[in-house]
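Student: I would like to go through this model step by step, beginning with how its helices and strands are arranged and then turning to the ligand.

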Amino acid sequence: MAAPRTLLVTGGAGFIGSNFIRYMLAKYDYHVINLDKLTYAGNLDNLRDVEGDPRYRFVRGDVCDSAVVTELMAEADAVINFAAESHVDRSIEDPGVFIQTQVYGTFVLLEAARNASIDRFLHISTDEVYGHSLGDQRFTEDDPFKPRSPYAAAKAGGELQCHAIKETYGLPIVIARPANNIGPYQYPEKAIPLFVTNALDDEPLPLYGEGLQVRDRLYVDDHCAALDLLLHEGEIGEAYNISAGNERTNIDVAETILEMLEKPKSLIRFVEDRPGHDQRYAMSSKKLEALGWSPQHDFEAAMEKTVAWYRDNRDWWKKIKSGEYREYYERMYGQRLAGSKPFKG
Ligand code: NAD
Ligand code: TYD
């Protein structure tokens, strides 16, 4: 009998990576090695339910460390690269670490992969590499990269190396470009878990600018199903957009959360905008849909599941919010909230 397939998942202790590991262990008899540096965003609480599974192994390490990456690559059949600094606001404050992980870290992984017998390297990029959509523009995979934040530029740098390595050395690379994910275990610096957990605590919901920017909200399980498909059936060398068609303004999202939790709209505060704030992300997923994928959660279903999870898992986020997060929150929102405008909707 052939040995079970071994997946090397990087950044698996974060939001999407932990959901993906749980999804894959439930569906397949694969082995999973989770290589994660455990930055502020990495959290082993995200995987408590699988940590005793004999098919799962956690290794604390940095994707920039070629010794550990080379050692693990020798055991792996496929790589799924989630490891990244993921928050746009932090990239505006301190871009260097984004370049380090997204660009140099991806280089280290690719170097190790081309010297090993990897049958697939699935790289998780982002819709933000296209920059923002203007008017009715909906990006397709052939549109040029025009990143507008340090985060997006670092992600573009990581992805471009993947394309070059595939062309030069024939490494079997597939690229995913997902929209904004929502669901369980998302660090509460991101808009939706921040708004939901603040609402549960009767704290203000800080909306940047006028709250009119638009994001497409992809439920994380739908994203995992798309990655599963790309891992097995994505065409080598191709990039695939993953969008849900759940586009809403930030103000709509905040109002929906408050309605679901039966909290007053007066919790909404308009605060100073993010510099260079991208207006809208919108993509077409036709290429992925042609492989047989479609999202199973519309906006309401995705929001209902997400809001319910944070309502029912207070211990998870209370622990995060009582740690170094408080210093981050004060730095990011203290002055902004002091100068905020109330909601008059
Ligand atoms: P996250 O911040 O929740 O998790 C990132 C994980 O990577 C953490 O566990 C962290 O410890 C780990 N990590 C960071 N630097 C590392 C390093 N140098 N070596 C090893 N591990 C490291 O992020 P997420 O939201 O789960 O995003 C996962 C991936 O998906 C990222 O590549 C991100 O750019 C991409 N993405 C996310 C979204 C979204 O909406 N969250 C949308 C599009 C693309
Ligand atoms: P975020 O979750 O940071 O994702 P991204 O910037 O990668 O899309 O932000 C989602 C949207 O919400 C974005 O338009 C910025 C906005 N936002 C706020 O209005 N207030 C906040 O406190 C945060 C974190 C984001």
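Student: Which strands does helix 5 lie across, and at about what angle does helix 5 run to strand 6?

Tutor: Bearing in mind that this is a predicted model, we can begin with the strands beneath this helix. Helix 5 lies across strand 5, strand 6 and strand 10. Relative to strand 6, helix 5 runs at about 155°.

Student: In what order do the 7 strands of the open sheet come, and is the pairing parallel or antiparallel?

Tutor: In general, strands of a sheet pair through backbone hydrogen bonds, in one of two ways, parallel or antiparallel. Here the 7 strands form an open sheet in the order 3-2-1-4-5-6-10, with strand 3 (56–60) and strand 10 (239–242) as the edge strands, each of which pairs on one side only. The twist from one strand to the next averages 20°, and the pairing is parallel.

Student: Which residue is the bridge partner of H123 in strand 6?

Tutor: Strand 5 (residues 120–124) and strand 6 (residues 173–178) run parallel and are joined by 4 bridges. The partner of H123 in strand 6 is I175.

Student: How much of the accessible area that ligand 1 has on its own does the protein cover?

Tutor: Backbone N or O atoms approach oxygen atoms of ligand 1 at three residues: for F15 the distance is 3.0 Å, for F82 it is 2.9 Å, and for N181 it is 2.8 Å. Of the 830 Å² of accessible area that ligand 1 has on its own, the protein covers 97%.

Definitions and conventions: Residues numbered from 1 in each chain as written. Chains lettered and ligands numbered in written order. Predicted model: local features only at pLDDT ≥ 70, side-chain atom pairs only at ≥ 80, totals over all residues. Heavy atoms only, no water. Polar contact = N/O pair within 3.5 Å; in protein donor to acceptor, adjacent residues only side chain to side chain. Areas by Shrake-Rupley, 256 points an atom, 1.4 Å probe, with all protein chains shown as cover. Pairing = 2+ DSSP bridges. Helix = DSSP H or I, 4+ residues; strand = E, 2+ residues; numbered from the N terminus. Axes fitted to C-alpha atoms, helices over the stretch in contact; angles between N-to-C directions. Contact = heavy atoms within 4.5 Å.
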